[in-house]
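This report describes a ligand site, a helix pair and some backbone details. Please keep the sequence and the structure in view while reading.

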Amino acid sequence: MEIITSVTTMQRWSREVHRQGQTVAFVPTMGYLHEGHLALIRAAQTAGDKVVVSLFVNPTQFGPQEDFAHYPRDRARDEALCRDADVAACFIPATEEMYAPDHQIYMEEPAAARLLEGAHRPGHFRGVLTVVAKLFGAVQPDVAVFGEKDAQQLWLVEKLVADLNFPVRIMAHPTVREPDGLAMSSRNKYLQPAQRERATCLYRALQVAAQKVAAGETRAAVVLESMQPVLATVPEARIDYVALVDPGTFRPLEQEVSTPCRAVLAVRIGSTRLIDTMLLSAGNET
Ligand code: AMP
(Lines give C-alpha, C1' and ligand atoms only; values in the text may rest on other atoms or scores of the structure.)
Protein backbone atom coordinates (compact mmCIF):
# COMPACT_ATOMS: atom_id res chain seq x y z
CA MET A 1 0.00 0.00 0.00
CA GLU A 2 1.28 3.44 -0.93
CA ILE A 3 1.26 6.18 1.69
CA ILE A 4 0.93 9.48 -0.16
CA THR A 5 1.17 12.85 1.58
CA SER A 6 1.50 15.33 -1.29
CA VAL A 7 -1.18 16.46 -3.73
CA THR A 8 1.13 16.27 -6.74
CA THR A 9 2.24 12.72 -5.88
CA MET A 10 -1.41 11.74 -5.46
CA GLN A 11 -2.28 13.21 -8.87
CA ARG A 12 0.70 11.47 -10.50
CA TRP A 13 -0.28 8.12 -8.90
CA SER A 14 -3.86 8.47 -10.14
CA ARG A 15 -2.74 9.46 -13.65
CA GLU A 16 -0.57 6.34 -13.78
CA VAL A 17 -3.49 4.10 -12.75
CA HIS A 18 -5.63 5.69 -15.48
CA ARG A 19 -2.80 5.36 -18.03
CA GLN A 20 -2.86 1.60 -17.37
CA GLY A 21 -6.56 1.57 -18.23
CA GLN A 22 -7.69 1.11 -14.62
CA THR A 23 -10.18 3.05 -12.51
CA VAL A 24 -9.81 4.74 -9.12
CA ALA A 25 -12.46 4.31 -6.41
CA PHE A 26 -12.18 6.77 -3.55
CA VAL A 27 -13.31 6.73 0.10
CA PRO A 28 -12.79 10.10 1.80
CA THR A 29 -12.62 9.88 5.62
CA MET A 30 -11.45 11.82 8.65
CA GLY A 31 -9.73 8.68 9.96
CA TYR A 32 -10.23 6.85 13.24
CA LEU A 33 -11.68 4.12 11.07
CA HIS A 34 -14.50 1.86 12.17
CA GLU A 35 -16.55 -0.89 10.58
CA GLY A 36 -18.68 1.72 8.73
CA HIS A 37 -15.61 3.06 6.92
CA LEU A 38 -14.44 -0.50 6.18
CA ALA A 39 -17.82 -1.29 4.60
CA LEU A 40 -17.39 1.75 2.33
CA ILE A 41 -13.91 0.49 1.39
CA ARG A 42 -15.34 -2.93 0.47
CA ALA A 43 -18.03 -1.24 -1.63
CA ALA A 44 -15.31 0.81 -3.36
CA GLN A 45 -13.47 -2.40 -4.19
CA THR A 46 -16.48 -3.62 -6.13
CA ALA A 47 -16.73 -0.29 -7.99
CA GLY A 48 -13.17 0.38 -9.14
CA ASP A 49 -9.79 -1.28 -9.75
CA LYS A 50 -7.68 0.66 -7.21
CA VAL A 51 -9.07 1.98 -3.94
CA VAL A 52 -7.76 5.20 -2.41
CA VAL A 53 -8.69 6.13 1.18
CA SER A 54 -7.98 9.63 2.44
CA LEU A 55 -7.35 10.26 6.13
CA PHE A 56 -7.72 13.99 6.71
CA VAL A 57 -9.38 15.83 9.58
CA ASN A 58 -10.53 18.88 7.68
CA PRO A 59 -10.24 22.01 9.83
CA THR A 60 -12.53 24.16 7.65
CA GLN A 61 -15.63 22.08 8.41
CA PHE A 62 -15.33 22.55 12.18
CA GLY A 63 -16.75 25.61 13.93
CA PRO A 64 -14.60 27.52 16.42
CA GLN A 65 -16.38 25.89 19.39
CA GLU A 66 -16.30 22.39 17.87
CA ASP A 67 -14.06 19.37 18.47
CA PHE A 68 -11.38 19.77 15.74
CA ALA A 69 -8.48 19.71 18.23
CA HIS A 70 -9.96 16.73 20.12
CA TYR A 71 -11.28 14.76 17.15
CA PRO A 72 -9.95 11.20 17.66
CA ARG A 73 -6.89 10.34 15.60
CA ASP A 74 -4.88 7.10 15.30
CA ARG A 75 -2.88 7.13 12.11
CA ALA A 76 -0.93 3.90 12.75
CA ARG A 77 -4.11 1.92 13.39
CA ASP A 78 -5.87 3.49 10.36
CA GLU A 79 -2.93 2.61 8.09
CA ALA A 80 -2.92 -0.98 9.37
CA LEU A 81 -6.68 -1.32 8.80
CA CYS A 82 -6.32 0.03 5.26
CA ARG A 83 -3.44 -2.34 4.55
CA ASP A 84 -5.48 -5.30 5.83
CA ALA A 85 -8.41 -4.16 3.66
CA ASP A 86 -6.23 -4.23 0.51
CA VAL A 87 -6.38 -0.48 -0.04
CA ALA A 88 -4.02 0.52 -2.87
CA ALA A 89 -3.13 3.98 -1.55
CA CYS A 90 -3.74 6.03 1.57
CA PHE A 91 -3.75 9.79 0.98
CA ILE A 92 -2.71 11.49 4.23
CA PRO A 93 -1.96 15.15 3.54
CA ALA A 94 -0.86 17.54 6.29
CA THR A 95 -3.17 20.49 6.93
CA GLU A 96 -0.68 22.86 5.22
CA GLU A 97 -0.57 20.60 2.15
CA MET A 98 -4.34 20.99 1.69
CA TYR A 99 -4.56 24.60 2.87
CA ALA A 100 -1.47 26.55 1.83
CA PRO A 101 -1.14 29.95 3.53
CA ASP A 102 -2.46 31.69 0.39
CA HIS A 103 -5.49 29.38 -0.04
CA GLN A 104 -8.43 31.66 -0.87
CA ILE A 105 -11.16 29.87 -2.82
CA TYR A 106 -14.07 28.25 -0.95
CA MET A 107 -17.34 26.76 -2.11
CA GLU A 108 -20.47 28.83 -1.68
CA GLU A 109 -23.19 26.92 0.17
CA PRO A 110 -26.62 26.60 -1.46
CA ALA A 111 -29.75 27.22 0.67
CA ALA A 112 -30.08 23.47 1.39
CA ALA A 113 -26.70 23.61 3.16
CA ARG A 114 -27.92 26.22 5.64
CA LEU A 115 -30.75 24.04 7.01
CA LEU A 116 -30.58 21.22 9.59
CA GLU A 117 -26.87 20.40 10.08
CA GLY A 118 -25.96 23.68 8.39
CA ALA A 119 -28.24 25.69 10.70
CA HIS A 120 -26.60 24.18 13.78
CA ARG A 121 -23.07 24.15 12.38
CA PRO A 122 -22.71 27.41 10.41
CA GLY A 123 -20.10 27.10 7.67
CA HIS A 124 -19.83 23.32 8.10
CA PHE A 125 -20.88 22.48 4.55
CA ARG A 126 -18.77 25.29 3.09
CA GLY A 127 -15.81 23.39 4.55
CA VAL A 128 -17.12 19.98 3.50
CA LEU A 129 -17.83 20.99 -0.11
CA THR A 130 -14.47 22.76 -0.35
CA VAL A 131 -12.50 19.78 0.94
CA VAL A 132 -14.43 17.29 -1.22
CA ALA A 133 -13.67 19.39 -4.31
CA LYS A 134 -9.99 19.60 -3.29
CA LEU A 135 -9.79 15.87 -2.57
CA PHE A 136 -11.39 15.09 -5.94
CA GLY A 137 -8.78 17.35 -7.58
CA ALA A 138 -6.00 15.47 -5.82
CA VAL A 139 -7.26 11.88 -6.14
CA GLN A 140 -9.06 12.24 -9.49
CA PRO A 141 -11.40 9.34 -8.75
CA ASP A 142 -13.81 7.71 -11.18
CA VAL A 143 -16.14 6.81 -8.33
CA ALA A 144 -16.36 8.00 -4.72
CA VAL A 145 -18.25 6.29 -1.89
CA PHE A 146 -20.11 8.26 0.80
CA GLY A 147 -22.21 7.04 3.74
CA GLU A 148 -25.95 7.62 3.99
CA LYS A 149 -25.47 8.32 7.70
CA ASP A 150 -24.38 11.84 6.70
CA ALA A 151 -27.42 12.15 4.45
CA GLN A 152 -27.36 15.92 3.99
CA GLN A 153 -23.64 15.76 3.15
CA LEU A 154 -24.31 12.98 0.63
CA TRP A 155 -27.10 15.01 -0.98
CA LEU A 156 -24.83 18.08 -1.24
CA VAL A 157 -21.92 16.09 -2.68
CA GLU A 158 -24.25 14.67 -5.35
CA LYS A 159 -25.31 18.26 -6.11
CA LEU A 160 -21.69 19.45 -6.18
CA VAL A 161 -20.78 16.80 -8.73
CA ALA A 162 -23.87 17.45 -10.86
CA ASP A 163 -23.70 21.26 -10.79
CA LEU A 164 -19.93 21.61 -11.27
CA ASN A 165 -19.55 18.78 -13.81
CA PHE A 166 -17.13 16.66 -11.79
CA PRO A 167 -16.51 13.44 -13.74
CA VAL A 168 -17.06 11.33 -10.61
CA ARG A 169 -19.82 8.82 -9.92
CA ILE A 170 -21.12 9.09 -6.35
CA MET A 171 -22.00 5.81 -4.70
CA ALA A 172 -24.12 5.84 -1.52
CA HIS A 173 -23.59 3.22 1.18
CA PRO A 174 -26.23 2.34 3.81
CA THR A 175 -25.55 3.19 7.45
CA VAL A 176 -23.57 0.56 9.32
CA ARG A 177 -24.83 0.06 12.89
CA GLU A 178 -23.71 -1.55 16.13
CA PRO A 179 -25.78 -4.64 17.06
CA ASP A 180 -28.04 -2.46 19.25
CA GLY A 181 -28.73 -0.03 16.39
CA LEU A 182 -26.37 2.85 17.24
CA ALA A 183 -24.92 4.19 13.99
CA MET A 184 -21.15 3.69 13.96
CA SER A 185 -19.23 6.94 14.32
CA SER A 186 -15.73 7.99 15.32
CA ARG A 187 -17.43 10.26 17.88
CA ASN A 188 -19.03 7.27 19.71
CA LYS A 189 -15.67 7.00 21.47
CA TYR A 190 -16.57 10.14 23.45
CA LEU A 191 -19.58 8.40 25.09
CA GLN A 192 -19.27 7.20 28.69
CA PRO A 193 -20.57 3.60 29.13
CA ALA A 194 -23.99 4.72 30.48
CA GLN A 195 -24.32 7.33 27.70
CA ARG A 196 -23.34 4.70 25.14
CA GLU A 197 -26.31 2.59 26.19
CA ARG A 198 -28.73 5.53 26.05
CA ALA A 199 -27.40 6.67 22.67
CA THR A 200 -29.59 4.03 21.02
CA CYS A 201 -32.49 6.49 21.53
CA LEU A 202 -31.73 8.02 18.09
CA TYR A 203 -32.21 4.68 16.32
CA ARG A 204 -35.22 3.75 18.45
CA ALA A 205 -36.89 7.09 17.65
CA LEU A 206 -36.26 6.52 13.95
CA GLN A 207 -37.79 3.06 14.18
CA VAL A 208 -40.95 4.49 15.79
CA ALA A 209 -41.21 7.04 12.95
CA ALA A 210 -40.67 4.27 10.39
CA GLN A 211 -43.51 2.24 11.95
CA LYS A 212 -45.86 5.25 11.88
CA VAL A 213 -45.19 5.95 8.20
CA ALA A 214 -45.38 2.25 7.31
CA ALA A 215 -48.80 2.15 9.00
CA GLY A 216 -50.01 4.94 6.70
CA GLU A 217 -49.47 8.10 8.75
CA THR A 218 -48.91 11.06 6.42
CA ARG A 219 -49.04 14.02 8.86
CA ALA A 220 -45.44 15.19 9.43
CA ALA A 221 -46.27 16.63 12.87
CA VAL A 222 -47.72 13.31 14.05
CA VAL A 223 -44.70 11.35 12.83
CA LEU A 224 -42.30 13.80 14.51
CA GLU A 225 -44.29 13.82 17.75
CA SER A 226 -44.17 10.02 17.88
CA MET A 227 -40.36 10.23 18.18
CA GLN A 228 -40.37 12.60 21.16
CA PRO A 229 -41.25 10.13 23.97
CA VAL A 230 -38.37 7.88 22.92
CA LEU A 231 -35.89 10.75 23.04
CA ALA A 232 -37.42 11.97 26.31
CA THR A 233 -36.47 8.69 28.02
CA VAL A 234 -32.89 10.03 28.05
CA PRO A 235 -32.90 13.08 30.31
CA GLU A 236 -29.46 14.25 29.16
CA ALA A 237 -30.45 14.11 25.46
CA ARG A 238 -30.62 17.59 23.92
CA ILE A 239 -32.26 17.69 20.50
CA ASP A 240 -30.60 19.95 17.90
CA TYR A 241 -33.22 19.05 15.29
CA VAL A 242 -35.60 16.28 14.27
CA ALA A 243 -37.07 16.62 10.78
CA LEU A 244 -38.58 14.81 7.83
CA VAL A 245 -37.16 15.80 4.47
CA ASP A 246 -37.91 15.18 0.83
CA PRO A 247 -35.03 12.89 -0.25
CA GLY A 248 -34.92 14.58 -3.68
CA THR A 249 -34.57 18.19 -2.48
CA PHE A 250 -33.60 17.77 1.18
CA ARG A 251 -36.31 20.34 2.00
CA PRO A 252 -38.08 19.78 5.34
CA LEU A 253 -41.64 18.44 5.01
CA GLU A 254 -43.87 20.28 7.44
CA GLN A 255 -47.38 19.21 6.43
CA GLU A 256 -48.17 16.02 4.52
CA VAL A 257 -45.36 13.57 3.93
CA SER A 258 -45.08 11.88 0.59
CA THR A 259 -43.12 8.67 0.75
CA PRO A 260 -40.44 7.63 0.79
CA CYS A 261 -39.29 10.49 3.00
CA ARG A 262 -36.15 10.74 5.09
CA ALA A 263 -36.10 11.29 8.85
CA VAL A 264 -32.98 13.09 10.09
CA LEU A 265 -31.99 14.02 13.61
CA ALA A 266 -29.11 15.40 15.62
CA VAL A 267 -29.02 14.86 19.37
CA ARG A 268 -26.44 15.72 21.98
CA ILE A 269 -25.86 13.11 24.66
CA GLY A 270 -23.89 15.06 27.23
CA SER A 271 -21.26 16.86 25.15
CA THR A 272 -21.28 14.29 22.32
CA ARG A 273 -23.25 15.26 19.25
CA LEU A 274 -24.72 12.33 17.30
CA ILE A 275 -26.64 12.28 14.02
CA ASP A 276 -28.72 9.56 12.42
CA THR A 277 -31.20 9.10 9.59
CA MET A 278 -33.60 6.60 8.09
CA LEU A 279 -35.60 6.40 4.88
CA LEU A 280 -39.30 5.98 5.76
CA SER A 281 -41.61 4.15 3.37
CA ALA A 282 -45.33 3.53 3.35
CA GLY A 283 -46.33 -0.09 3.96
CA ASN A 284 -46.92 -0.86 0.29
CA GLU A 285 -43.50 0.42 -0.85
CA THR A 286 -40.42 -1.75 -1.08
P1 AMP B 1 -16.05 10.51 8.53
O2 AMP B 1 -14.72 9.89 8.73
O3 AMP B 1 -16.93 10.47 9.75
O4 AMP B 1 -15.96 11.88 7.89
O5 AMP B 1 -16.82 9.60 7.49
C6 AMP B 1 -16.25 9.27 6.24
C7 AMP B 1 -17.28 8.59 5.39
O8 AMP B 1 -17.76 7.44 6.06
C9 AMP B 1 -18.52 9.49 5.13
O10 AMP B 1 -18.96 9.26 3.80
C11 AMP B 1 -19.51 8.97 6.13
O12 AMP B 1 -20.86 9.17 5.74
C13 AMP B 1 -19.17 7.48 6.15
N14 AMP B 1 -19.63 6.87 7.39
C15 AMP B 1 -19.33 7.24 8.66
N16 AMP B 1 -19.97 6.44 9.54
C17 AMP B 1 -20.70 5.56 8.81
C18 AMP B 1 -21.60 4.50 9.12
N19 AMP B 1 -21.88 4.16 10.38
N20 AMP B 1 -22.15 3.81 8.10
C21 AMP B 1 -21.90 4.14 6.82
N22 AMP B 1 -21.06 5.13 6.45
C23 AMP B 1 -20.48 5.84 7.43
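The text below covers the ligand site, then a helix contact, then two backbone features. The model is a predicted one.

**Ligand site**

The shell around the ligand holds 16 residues, and those that come nearest are His37, Gly147, Asp150, Val176 and Met184. By class, the shell divides into eight nonpolar, six polar and two charged residues. Three elements each supply at least two residues of this shell: strand 2 (24–29), helix 2 (35–47) and strand 5 (143–147).

Polar contacts between the ligand and the protein include those in the table.

| Ligand atom | Protein partner | Distance |
|---|---|---|
| Oxygen | Met30, polar backbone atom | 2.9 Å |
| Oxygen | Asp150, N or O atom in the side chain | 2.6 Å |
| Nitrogen | Val176, polar backbone atom | 2.8 Å |

Taken alone, the ligand exposes 480 Å², of which the protein buries 93%. Asp150 and Val176 thus appear both among the residues that come nearest to the ligand and in the table, Asp150 through its side chain and Val176 through its backbone.

**Helix 1 and helix 6**

How do the axes of helix 1 and helix 6 cross? Helix 1 spans residues 7–19 and helix 6 spans residues 124–139; their axes come within 7 Å and cross at roughly 55°. Helix 1 is therefore oblique to helix 6. On the helix 1 side, the contact is made by Val7, Met10, Gln11 and Ser14, which meet Gly137, Ala138 and Val139 of helix 6. Four of the residues in this contact are nonpolar and three are polar, with no charged residues.

**Backbone features**

Most peptide bonds are trans, and most residues other than glycine have a negative phi. Two places in the model depart from this pattern. Thr259 and Pro260 are joined by a cis peptide bond, with omega at about 0°. Pro260 sits in the loop between strand 7 (237–245) and strand 8 (261–269). Tyr32, although not a glycine, has a positive phi of about 55°. The loop that contains Tyr32 runs between strand 2 and helix 2, and both of these elements supply residues to the shell around the ligand.

Terms used. Residues are numbered from 1 along each chain as its sequence is written. This is a predicted model: local features need pLDDT of at least 70, side-chain atom pairs count only at pLDDT 80 or more; totals for chains, interfaces and linings use all residues. Side-chain values use heavy atoms; hydrogens and water are left out. Axes are lines fitted to C-alpha atoms, for helices over the stretch in contact, and angles run from 0 to 180 degrees between N-to-C directions. Helices (H or I, at least four residues) and strands (E, at least two) are DSSP runs, numbered from the N terminus. Angles under 35 degrees count as roughly parallel, over 145 as roughly antiparallel, 65 to 115 as roughly perpendicular and the rest as oblique. Contact means heavy atoms within 4.5 Å. Ala, Val, Leu, Ile, Met, Phe, Trp, Tyr, Cys and Pro count as nonpolar, Asp, Glu, Lys and Arg as charged, and the others, Gly among them, as polar. A residue is near a molecule or strand if one of its heavy atoms lies within 4 Å of it. A polar contact is a pair of N or O atoms within 3.5 Å; within protein, one must be able to donate a hydrogen and the other to accept it, and residues adjacent in sequence count only if both atoms are side-chain atoms. Accessible areas come from the Shrake-Rupley method with a 1.4 Å probe; for residues, only the protein chains shown count as cover.
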